[in-house]
Amino acid sequence: MDDIPKDCITDCCSLVKANSIAGCKQAASWIIYTRWKNLKKEQGFAPGQVTYHRPENVRRLKIEKNNSIVRQIEKSKREVTDTAILAKEQQDRLREIQQEKKAKYKADEKARKLLELERKKEKEARSYDRIMHDDKMTSNADMGATEDSTAAEDYEDDFM
């Protein structure tokens with residue numbers, strides 16, 4: 001709800017106020033709005049009466065009378081009654097949304113693969129596997145051990 005531009009909400013609320021029987025006669029009125037999924041119609045309600053599934057998702061906005069916005073919107077009004085045209089527009093919009101989701105998924109997947117590759121390179125750089133080989137290693141048994149520790153000390157002196 002909060003990602004909708006404030007200008008768009010103001011325009012819509014002005015149009016609702018202008019088309020309301022009681023609202024168009026008042027200088028200012030409160031407009032309550034929410035997403036359609038949040039509307040809840042229960043049995044026994046009067047026509048037009050609804051409640052909400054999640055009241056925290058309901059917003060209120062006080063709208064002053066603004067005929068210039070309403071006139072501008074009325075001029076741009078386009079009424080379509082052909083269901084085939086409406087269905088095609090809906091399919092086009094759904095296809096556009098699907099393409100946006102695919103593009104986002106591909107970008108996320110590419111970023112994930114790059115991160116995985118970077119982690120693999122870092123792990124490889126920290127690994128001793130590339131420098132420790134069995135053929136280059138010697139054990140104490142190969143050193144020709146003596147009764148005292150002189151052979152080991154000589155080897156250590158060589159190493160340093």
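This briefing covers the fold, the largest pocket, a nonpolar surface patch and the salt bridges of one protein chain. The model is predicted. Its secondary structure comes to four helices and four strands, arranged along the sequence as α-β-β-β-β-α-α-α. The chain has 160 residues, of which 9% count as buried.

**Overall fold**

- Reading along the sequence, the pattern opens with a helix, continues through four strands and ends with three helices.
- Among the helices are α1, which spans residues 6-19, and α3, which spans residues 83-126.
- Helix α4 covers residues 150-159, and strand β1 covers residues 28-33.
- Buried residues make up 9% of the chain, on a count of 160 residues.

**Largest pocket**

- The volume of the largest pocket is about 200 Å³.
- Its lining consists of Met1, Ile4, Cys8, Ile9, Cys12, Cys13, Val16, Ile31, Ile32, Tyr33, Thr34 and Arg35.
- Two elements, α1 (6-19) and β1 (28-33), each give two or more residues to this lining.
- Helix α1 provides the largest share, with five residues.
- By residue class, the lining of the largest pocket holds 10 nonpolar residues, one polar residue and one charged residue.
- The charged residue is Arg35 and the polar one is Thr34, because Arg counts as charged and Thr falls among the residues that are neither nonpolar nor charged.

**Nonpolar surface patch**

- Tyr128, Ile131, Met132 and Met137 make a nonpolar patch of about 450 Å² on the surface.
- One of these residues, Met132, sits in the loop that runs between α3 (83-126) and α4 (150-159).
- Met132 has a relative accessible area of 48%, so this residue is partly exposed.
- Met132 can belong to the patch because its 48% is over the 30% relative accessible area that patch residues need.

**Salt bridges in and around α3**

- The whole structure contains 12 salt bridges.
- Arg95 pairs with Asp92 in one of them, with 3.0 Å between the closest N and O atoms.
- Both Arg95 and Asp92 belong to helix α3, where they are three residues apart, about one turn of the helix.
- Lys88 joins Asp92 and Arg95 in a network of salt bridges.
- Arg95 is partly exposed, at a relative accessible area of 46%.
- Asp92 also counts as partly exposed, at 32% relative accessibility.

**Other salt bridges**

- Side chains of opposite charge can pair when their charged atoms come close.
- Arg54 and Glu56 form a salt bridge through their side chains, at 3.5 Å from N to O.
- Glu56 is exposed, and its relative accessible area is 51%.
- A further salt bridge connects the side chains of Lys77 and Glu74, at 3.6 Å from N to O.
- Within this pair, Lys77 is exposed, with a relative accessible area of 57%, whereas Glu74 is partly exposed, with a value of 35%.

Note on methods:
Residues are numbered from 1 along each chain as its sequence is written. This is a predicted model: local features need pLDDT of at least 70, side-chain atom pairs count only at pLDDT 80 or more; totals for chains, interfaces and linings use all residues. Side-chain values use heavy atoms; hydrogens and water are left out. Patches are made of residues with over 30% relative accessible area and no salt bridge: like charges are joined within 9 Å, nonpolar side chains (Val, Leu, Ile, Met, Phe, Trp, Tyr) within 5 Å. Accessible areas come from the Shrake-Rupley method with a 1.4 Å probe; for residues, only the protein chains shown count as cover. A salt bridge is a side-chain nitrogen of Lys or Arg within 4 Å of a carboxyl oxygen of Asp or Glu. Buried means under 20% relative accessible area, exposed over 50%, partly exposed in between (1.4 Å probe, protein chains only). On a 1 Å grid over the protein atoms alone, a cavity is a set of points where a 1.4 Å probe fits but cannot get out, and a pocket is an open set with protein on both sides within 12 Å along at least five of seven lines; lining residues have an atom within 4 Å of a point. Grid points are joined across faces, edges and corners, and a volume is the space filled by probe spheres set on the points.
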